[in-house]
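Me: I would like a close look at one part of this predicted model, namely the largest pocket and the residues around it. Please set it in the context of the whole chain before going into detail.

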Amino acid sequence: MGNKFLQYFALTVAVIGAVNWGLVGFFDLNLVALLFGSMSWISRIIYGLVGLCGLYLLSFYGLVDREEGQGA
């Protein structure tokens, strides 16, 4: 996992997605749909990016296991 830009990008997009879901859950406000339209092509790209970044971040579990094994 040497690509820092990809890691930070994926983490940032996943956090934005999490904030959007928090707004949906607490206030019934979908910020992506509000800004870009409900299921417009831009919205679909954003949702797809959030999903892909979430899948990529699953690999971070391997990092946690390696760090715990080193006695950090």
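Reply: The secondary structure of this chain amounts to four helices and zero strands, so that, read from the N terminus, the order of elements is α-α-α-α. With a radius of gyration of 15 Å, well over the 11 Å that the globule rule gives for 72 residues, the chain is more spread out than a compact globule. The C-alpha trace spans about 45 × 25 × 15 Å along its principal axes. Of the 72 residues, 12% count as buried, and the accessible surface comes to about 5600 Å², with 70% of that area belonging to carbon and sulfur atoms. Among the contacts with a separation of 6 or more, 50% are accounted for by residues 24 or more positions apart.

Turning to the pocket itself, the largest one holds about 200 Å³ of space, and its lining consists of F9, V13, I16, V19, N20, L23, L31, V32, L35, I46, L49 and V50. The elements that contribute two or more residues to this lining are α1, α2 and α3, and the largest share, six residues, is that of α1.

One of the lining residues, N20, has its place in helix α1, which covers residues 4-27. N20 has a relative accessible area of 8%, and since buried means under 20%, N20 is counted as buried. Once its neighbours within four places in sequence are set aside, N20 is in contact with L29, N30, L31, V32 and Y47. Of these partners, L31 and V32 also appear in the lining of the largest pocket.

F36 is not named in the lining, but a partner of F36 is: F36 touches I42, S43 and I46 when its neighbours within four places in sequence are left aside, and I46 is one of the pocket-lining residues. F36 belongs to helix α2, residues 31-36, and at 37% relative accessibility it counts as partly exposed. Between the C-alpha atoms of F36 and I46, which are ten residues apart along the chain, the separation is 9.6 Å.

The loops that join these helices hold two residues with an unusual backbone angle to check. D28, in the loop between α1 and α2, is not a glycine and yet has a positive phi of about 55°; at 69% relative accessibility, D28 counts as exposed. M39, in the loop between α2 and α3, the latter being residues 41-57, likewise has a positive phi, near 55°, in a residue other than glycine; its relative accessibility of 47% makes M39 partly exposed.

Finally, the record can be laid beside the model. An unreviewed UniProt entry carries the annotation "transmembrane region" for residues 6-33 and 45-64. In the model, residues 6-33 are 89% helix and 0% strand, with the end C-alpha atoms 25 Å apart, whereas residues 45-64 are 90% helix and 0% strand, with the end C-alpha atoms 30 Å apart. N20 falls within the annotated stretch 6-33, and I46, L49 and V50 of the pocket lining fall within the annotated stretch 45-64.

Note on methods
Residues numbered from 1 in each chain as written. Predicted model: local features only at pLDDT ≥ 70, side-chain atom pairs only at ≥ 80, totals over all residues. Heavy atoms only, no water. Buried < 20%, exposed > 50% of the residue type's maximum accessible area, 1.4 Å probe, protein only. Contact = heavy atoms within 4.5 Å. UniProt positions renumbered as here; feature names shortened; annotations may be inferred. Rg over C-alpha atoms; globule rule 2.2 N^0.38 Å. Areas by Shrake-Rupley, 256 points an atom, 1.4 Å probe, with all protein chains shown as cover. 1 Å grid on protein atoms, 1.4 Å probe; cavity = no way out; pocket = protein on both sides within 12 Å on 5 of 7 lines; lining within 4 Å. Points joined across faces, edges and corners; volume = space filled by probe spheres on them.
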